[in-house]
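Reader: I am a first-year student, and I would like a close look at the sheets, please. Could you go through them slowly and explain each term as you use it?

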Amino acid sequence: MSSLYNVAKGKEFEEAPDYAKTNAAVMRLMAFAKDYKPVDIGLGAPNYAPLDFMKEAFINVAMSPDYHVHQYGRSESLTHLDDEWIVFVPHWEHYAAMIKMAGAKVKEVLLRPKKDKYSSGDSPSSSDWTFDRKELSEAFTEKTKGILLNNPNNPTGKVFDREELTFIADLVKKWDAIALVDEVYEWLVYDRNEHIRFATLLGMFDRTITVGAASKAFSVTGWRVGWAYGPAYLMNFMKKSIYGATGDNVTPSQVAMATGLERVWADRNQANSYLVEYPKTLGIKRDRIVEALCKAGFVPHVPQSGFFLMADWTGIKSLPRYLVNNATLANRDVEFVKYMVKEVGLEVYSGSPYFGEKHQTVGRDFVRVCFVKRDNTLDKAMDILEKL
C-alpha cells in the first residue's frame, strides 16, 4: 500500500533459550511493521501524553535540589532450582522467561473460553475465559513453590471472580505454597466488574506478594514504576533482589509517581475522581473498537479490564486463500498479522506468544488489540476495518 498510518549476569547461550525465542518473534514482527507504518492498535501502550498533573510532578522532581531523588533508589532468592511455579495462559509473554531465569520450572494451566468457537456477531466476554478445576488441582504437587496470578489478566482482560480466586487460594493453602499476584490493572476495571485483591482472601495475606504499578493507570508505561507488598518474611527476599535492580530504574520517576498517587488517592471517593473517570474513558474506547472488529468479521472477547482484548480473526470473509481454513499453518497468526500490516495497513499483535510453550496452537486463532489510543488513531483504525 502506498499510504499507511501507524495505530504491539549469567550463562552465555550459543543459541537463545526457549523462553527467549517467543520474545524474539514478537520483536521481529515489530521490526516488520516499521517498514510499512500501519495504524498501530497492537503496541501495548497509549499513544497520548499523561495528564498534566503527572507531567508537572515529574518536572517538579527533576528541578528538586534534594540530591536523593537524583541518585540510586534503595530498597537469597525467593525460589530455587527445580521449584515449580504455576502460571495461567494466556499471560504476559515475559512471565515464563523470568521463572526459568531463576532456575525454576513453569507449569502452564490453560484459560479456555467457555465455547470452542463463537460466530461473528457474538460478543463473548473475557469472563468466559476460565480454568478447569481438575487440571489446576493436578498441577499442584509437593514441588510447587507457588502460583503466579495476573488479575486482571493481560492479554484477555479477564477479572477473576470470587469463586475462582477462592478455589485458587484453597489450593495454595493445601500445598503450603505462595502466590505472586500481578494486579497492575486493578484500577482499570469496566462495567461495574469488581476486582478482588487476592491478599484479602481468608488466610492469604501471609502467603501473598502483591505487585502493582501506576504505569498503566497513569498512562506512563515508559516510567516503569511499581511496588510490591506482603508479609515481611516474603518481602525480605524481594528487597534483596530489588537492591541489585534499582540501577535500572529512574529515581525521579519513582518520586513523581508517588506524588501522583497521593493526589489521586486523596480524591478517590469523589464522583468525578480520576480513578472513576479514566476507566469510563477507556471503556468508551474499548466499545468503539469492539464494534468495528465485529463488523469486520472478527470475534472480539470484550475485556472486563486493562488495555487489551483478544479477537478471533479466522472468520473474516476477505482473508487471502492461504489463510482460509488453514489449521495446519503453524504460524498462521503471524502470517495474518503480516497480511494486516502489509496489505491492510493496520497493526495488531499475534496471539500465540501469549500462550506459553504448550498451548500456542490455541493462540494462533487470536490477535491481541490495544484500544488505549488517541481517538483519531481509533478513527483511522475503524475506517480501515470498515473496508476489510
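**How the strands are arranged**

Author: Let us begin with one pair of residues: the bridge partner of P300 in strand 9 is A311. The model is a predicted one, in which local features need pLDDT of at least 70 and side-chain atom pairs count only at pLDDT 80 or more, while totals for chains, interfaces and linings use all residues. Residues are numbered from 1 along each chain as its sequence is written, and side-chain values use heavy atoms, with hydrogens and water left out.

Strand 8 and strand 9 (residues 308–312) run antiparallel and are joined by 3 bridges; two strands count as paired if DSSP finds at least two bridges between them. Strands (E, at least two residues) and helices (H or I, at least four) are DSSP runs numbered from the N terminus. Both strands belong to an open sheet of 4 strands, ordered 8-9-12-11, with antiparallel pairing. At its edges lie strand 8 (299–301) and strand 11 (349–350), each of which pairs on one side only.

Another open sheet has 6 strands in the order 3-2-4-5-6-7, and its pairing is mixed. Strand 3 (105–110) and strand 7 (226–229) each have a single partner strand, so one side of each is left without a neighbour in the sheet. From one strand to the next, the twist averages 20 degrees, where axes are lines fitted to C-alpha atoms, for helices over the stretch in contact, and angles between N-to-C directions run from 0 to 180 degrees.

Within this sheet, strand 4 (residues 144–150) pairs with strand 5 (residues 178–182) in the parallel sense over 5 bridges, and the bridge partner of G146 in strand 5 is I178. Helix 5 (residues 162–174) packs on the sheet, touching strand 2 (84–89), strand 4 and strand 5, and its direction makes about 160 degrees with that of strand 4; contact here means heavy atoms within 4.5 Å.
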